[in-house]
Amino acid sequence: MEVERGDRPIVRHVSRVGYVTKVIGKRKSGRVKRNINMKPPKVPMALQQLFLTCRDVFNGPGTIPLPHHVNKLRLILDKMKAEDVGLSSDLQFFNPTNVVKGTPPRVTHTTIYECTNFSLCIFFIPASGVIPLHNHPGMTVFSKLLLGKMHIKSYDWVDQPAVSNDKDVHSFRSSSQLGLAKLKADSVFTAPCNTSVLYPTTGGNIHAFTAITPCAVLDVIGPPYSKEDGRDCSYYKDHPYSSFSNGFKYEVEEGESTCYAWLEEIEMPEDSQMDGIEYLGPQIMETSC
């Protein structure tokens, strides 16, 4: 999902996400003691380690991390917790009380860090919220579900979009471009769970998220989206393989058609707009190389 650069305003209806900003300790008497005059919290070791590893792993556009680098980064993310980025399951966002009915749930995002080679972002998806089917051109993306329960559906291209001569396809949409894709994942994930990794052409590069409960997803993206560099975000609608299979040269074995789908590129869905919020969690310490 594309994340715009620049300043990110705090939006009123998502300010409830909040962050853990105070340390609370207990006296022996059982009463709560608040540490008011405390030093700024240190960067969690896991977050700082993630940043330093990303700096070593991602070498810029046109490159893919080496397998041993992927494993190293995946191990760090597998161990990360919501608290490492200032979040907690006790926050109001994850325990909504006043849900406005009839209003489409709106996804929000915040950026922890971004440079030319990689970015660290968190996506907040309310219950029933959707990040529609979209791609990640030329990117390697690590996704870590920190909190919540969500359904993930993903595909990889078998054949890039091409115009078919099939009359049914043209009656569906005269300028339709369909590409054959193979289903990579179609499952429900519950935090805590292992990190998923997608690559420019494998691993489920085209995916969609649907939140079952309020979710927080940490994404490590390398390199980030950039229209100027040809890494713009495209959106898709999937159609069953049987819908247009007769008009294309690709055939799949009997019984495997449910593992394939035709992906139609579409305009950005109106309800997929995201709001940006300021990152208020632990700050990364940038060190010299």
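# Asking why: a guided look at this model

Guide: Let's start with the surface: the protein chain exposes about 16,400 Å², and carbon and sulfur atoms supply 50% of it. That accessible area comes from the Shrake-Rupley method with a 1.4 Å probe, and for residues only the protein chains shown count as cover.

Visitor: What should I know before we go on?

Guide: This is a predicted model, so local features need pLDDT of at least 70 and side-chain atom pairs count only at pLDDT 80 or more, while totals for chains, interfaces and linings use all residues. Residues are numbered from 1 along each chain as its sequence is written, and side-chain values use heavy atoms, leaving out hydrogens and water.

Visitor: What makes up the secondary structure of the protein chain?

Guide: Three helices and 14 strands. These are DSSP runs numbered from the N terminus: helices are H or I with at least four residues, strands are E with at least two.

Visitor: Why is aspartate 275 called buried or exposed?

Guide: Buried means under 20% relative accessible area, exposed means over 50%, and partly exposed is in between (1.4 Å probe, protein chains only). Aspartate 275 has 11%, so it's buried. Across the 289 residues of the protein chain, 45% count as buried.

Visitor: And what about arginine 106?

Guide: Arginine 106 is at 37%, so it's partly exposed.

Visitor: Why are arginine 106 and aspartate 275 called a salt bridge?

Guide: The rule asks for a side-chain nitrogen of Lys or Arg within 4 Å of a carboxyl oxygen of Asp or Glu. Here the closest N and O atoms are 2.7 Å apart, so the pair fits the rule. Arginine 106 sits in the loop between helix 2 (67–79) and strand 3 (108–114), and aspartate 275 is in strand 14 (residues 275–276), so the pair ties together parts 169 residues apart in sequence.

Visitor: How many salt bridges does this rule give?

Guide: Three. Another is aspartate 238 with lysine 153, whose closest N and O atoms are 3.0 Å apart. Aspartate 238 belongs to strand 12 (residues 235–240) and lysine 153 to strand 7 (residues 149–162), so that pair ties together parts 85 residues apart in sequence. Aspartate 238, at 27%, is partly exposed, and lysine 153 is partly exposed too, at 26%. Aspartate 229 and arginine 231 also meet in a salt bridge, at 3.8 Å, N to O. In that pair, aspartate 229 is exposed at 51%, while arginine 231 is buried at 7%.

Visitor: How do you know that the span of helix 2 agrees with what it should be?

Guide: The expected span is 1.5 Å times one less than the number of residues. For the 13 residues of helix 2 that comes to 18 Å, and its end C-alpha atoms are 19 Å apart, which agrees.

Visitor: What makes you say that the buried residues of helix 2 line one face?

Guide: The buried residues are Val70, Leu73, Ile76 and Leu77. Seen down the helix axis, they fall within an arc of 130°, so they line one face of helix 2. The arc is that of the directions from the helix axis to the C-beta atoms. Turned away from that buried side are the exposed residues Pro67, Leu75 and Lys79.

Visitor: What covers the buried residues of helix 2?

Guide: The cover includes helix 1 (45–57), strand 6 (140–147), strand 9 (196–198) and strand 11 (215–222).

Visitor: What makes a set of residues a nonpolar core?

Guide: The members are buried Ala, Val, Leu, Ile, Met, Phe, Trp, Tyr and Cys residues joined through side-chain atoms within 4.5 Å. The largest such core has 35 residues, and Leu50, Leu73, Val85, Leu87, Leu120, Ile122 and Val220 touch the most other members. Helix 1 gives the most to this core, with six residues.

Visitor: Which residues is isoleucine 122 in contact with?

Guide: Contact means heavy atoms within 4.5 Å. Leaving aside neighbours within four places in sequence, the partners of isoleucine 122 include Val85, Leu87, Ile112 and Tyr279.

Visitor: What stands out about serine 128?

Guide: Its phi is near 75°, a positive value in a residue other than glycine. Serine 128 lies in the loop between strand 4 and strand 5 (130–134), and at 53% it counts as exposed.
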